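Welcome! Have the sequence and the 3D view open, and try each exercise before reading its solution.

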Amino acid sequence: MPLVVVCGLPSSGKSRRTEELRRALAAEGHAVHVVDDASVMGAADASVYGDPAREKALRGALRASVERRLSRRAVVLLDSVNYIKGFRYELYCLTRAARTPFCLLHCVRPGGPSGRPQVAATSESRGCSGSGSSMPGTVVSGGFRADVAGEPELEDIRTSEPPAPVPPESEKPANPVSGGFFPPELVESLALRFEAPDPRNRWDRPLFTVVGLEEPLPLAEIRAALFENRAPPPHQSTQSQPLASGSFLHQLDQVTSQVLTALMEAQKSAVPGDLLSPPGTTEHLHFTRPLTMAELSRLRRQFISYTKMHPNNENLPQLANMFLQYLNQSLH
């Protein structure tokens, strides 16, 4: 069944949107699996995003967990920062290999760190293939300023004492997110590294962007993307290469080795312009200059590597001729 990748910076509402989507799909009778940082680490730990080695291991664990759960019976929701486009491409390839649909849900906080807009939005980046709801706001100097009122970071404290002065940004306490704590400097670092989804990339579409928690989730459009769209067909990078039989590989190695030996022997008495024809072949090699064993061996390895990727027992009688054709094309 389909995969929904939820991405966004900390405090953008990813977990709440994931739970909202999970409840909506479960109410319709779909089995839903949620994969998040805590489920693969055992407990939420925001400090992992400050350690490149641990973060790489976390991405590997998330990818493996998603791959195990991809099936025809359940919807998988991946709730994480997912800020690296290369990682999103890997997830997209998983869905192609599994022949299942895919969509991306981008959660955006109305006011980003340090008061800067968090995402640049245009009419195109609001989503492709029917990105759900409309986003109120205005475009200012290439960035997007949402008109949705931001949520307060601190709860209102109603006491008889006068309010305490607000500390500067660097002294504010960490924001609790999913049981972990993201210090302001870590949030700022993630914001600088964040590679926003682009619907022009096939691995970032269909793309649905929601700002804050007040904007309704485009459930109808997400359902259409998951259950009505046709899954993208697998391509060569997502399909296992066919296994060649042991006899095919043995004969490939033997035939190409015999051709090289015959060519090295034939060129001893050849002059430029001669046609070299090893025994058992109908093709000819046009001899224009002396050939070294190192050069021929390099071309032989390339030919073997390519042929192993496309093994075909029907080609066994023609291996020598195919190798000579490859040498002619490579040497001239």
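**Exercise 1. Find Arg99 and describe its setting and its backbone.**

Step 1: Arg99 sits in the loop between α4 and β4; helices (H or I, at least four residues) and strands (E, at least two) are DSSP runs, numbered from the N terminus.
Step 2: Its phi is positive, about 55 degrees, although Arg99 is not a glycine. Most residues other than glycine have a negative phi, and most peptide bonds are trans.
Step 3: With 48% relative accessibility, Arg99 counts as partly exposed. Buried means under 20% relative accessible area, exposed over 50%, and partly exposed in between (1.4 Å probe, protein chains only).

Before going on, a word on the source: this is a predicted model, in which local features need pLDDT of at least 70 and side-chain atom pairs count only at pLDDT 80 or more, while totals for chains, interfaces and linings use all residues. Residues are numbered from 1 along each chain as its sequence is written, and side-chain values use heavy atoms, with hydrogens and water left out.

**Exercise 2. Describe Asn82 in the same way, then look at the peptide bond from Arg205 to Pro206.**

Step 1: Asn82 belongs to the loop between β3 and α4.
Step 2: Asn82 is a residue other than glycine with a positive phi, near 50 degrees.
Step 3: Asn82 is buried, because its relative accessible area is 5%.
Step 4: The peptide bond from Arg205 to Pro206 is cis, and its omega is near -5 degrees. Pro206 lies in the loop between α5 and β9 (207–211).

**Exercise 3. Work out how β3 is placed among its neighbours.**

Step 1: Start with burial. Six of the six residues of β3 are buried, so the strand is largely enclosed by the rest of the structure.
Step 2: Sort the side chains by direction. Ala74, Val76 and Leu78 point one way, Val75, Leu77 and Asp79 point the other way, and all are buried.
Step 3: Look for partners; two strands pair if DSSP finds at least two bridges between them. β1 and β3 run parallel and are joined by four bridges, and Val6 has Asp79 as its bridge partner in β3.
Step 4: Strand β2 (residues 31–36) also pairs with β3 in the parallel sense, over six bridges. Here Val35 has Leu78 as its bridge partner.

**Exercise 4. Which elements supply the largest nonpolar core?**

Step 1: A nonpolar core is a set of buried Ala, Val, Leu, Ile, Met, Phe, Trp, Tyr and Cys residues joined through side-chain atoms within 4.5 Å.
Step 2: The largest such core has 29 residues, and those with the most contacts inside it are Leu3, Tyr49, Val66, Leu78, Leu91, Phe182 and Leu190.
Step 3: At least two residues of this core come from each of β1 (3–7), α3, β3 (74–79), α4 (85–98), β4 (102–108) and α5 (184–193). The most comes from α4, with four residues.
Step 4: Another core lies apart from this one; it has 22 residues, including Ile304, Ala320, Leu327 and Leu331.

**Exercise 5. How many cavities of 30 Å³ or more are there, and what lines the largest cavity?**

Step 1: On a 1 Å grid over the protein atoms alone, a cavity is a set of points where a 1.4 Å probe fits but cannot get out, and lining residues have an atom within 4 Å of a point. Grid points are joined across faces, edges and corners, and a volume is the space filled by probe spheres set on the points.
Step 2: A search of the whole structure gives three cavities of 30 Å³ or more. The largest holds about 70 Å³ of space.
Step 3: Among the residues lining the largest cavity are Tyr49, Glu55, Arg59, Asn82 and Phe87. Helix α3 (residues 52–69) gives the most to this lining, with four residues.
Step 4: By class, the lining has seven nonpolar, two polar and two charged residues. Ala, Val, Leu, Ile, Met, Phe, Trp, Tyr, Cys and Pro count as nonpolar, Asp, Glu, Lys and Arg as charged, and the others, Gly among them, as polar.

**Exercise 6. How many disulfides does the structure hold?**

Step 1: Apply the cut-off: a disulfide is a pair of cysteine sulfur atoms within 2.5 Å.
Step 2: The structure holds zero disulfides. For Cys107, the nearest cysteine sulfur is that of Cys7, 7.4 Å away.
Step 3: Cys107 counts as buried, at 1% relative accessibility, and Cys103 is buried with a relative accessible area of 0%.

Definitions and conventions
1 Å grid on protein atoms, 1.4 Å probe; cavity = no way out; pocket = protein on both sides within 12 Å on 5 of 7 lines; lining within 4 Å.
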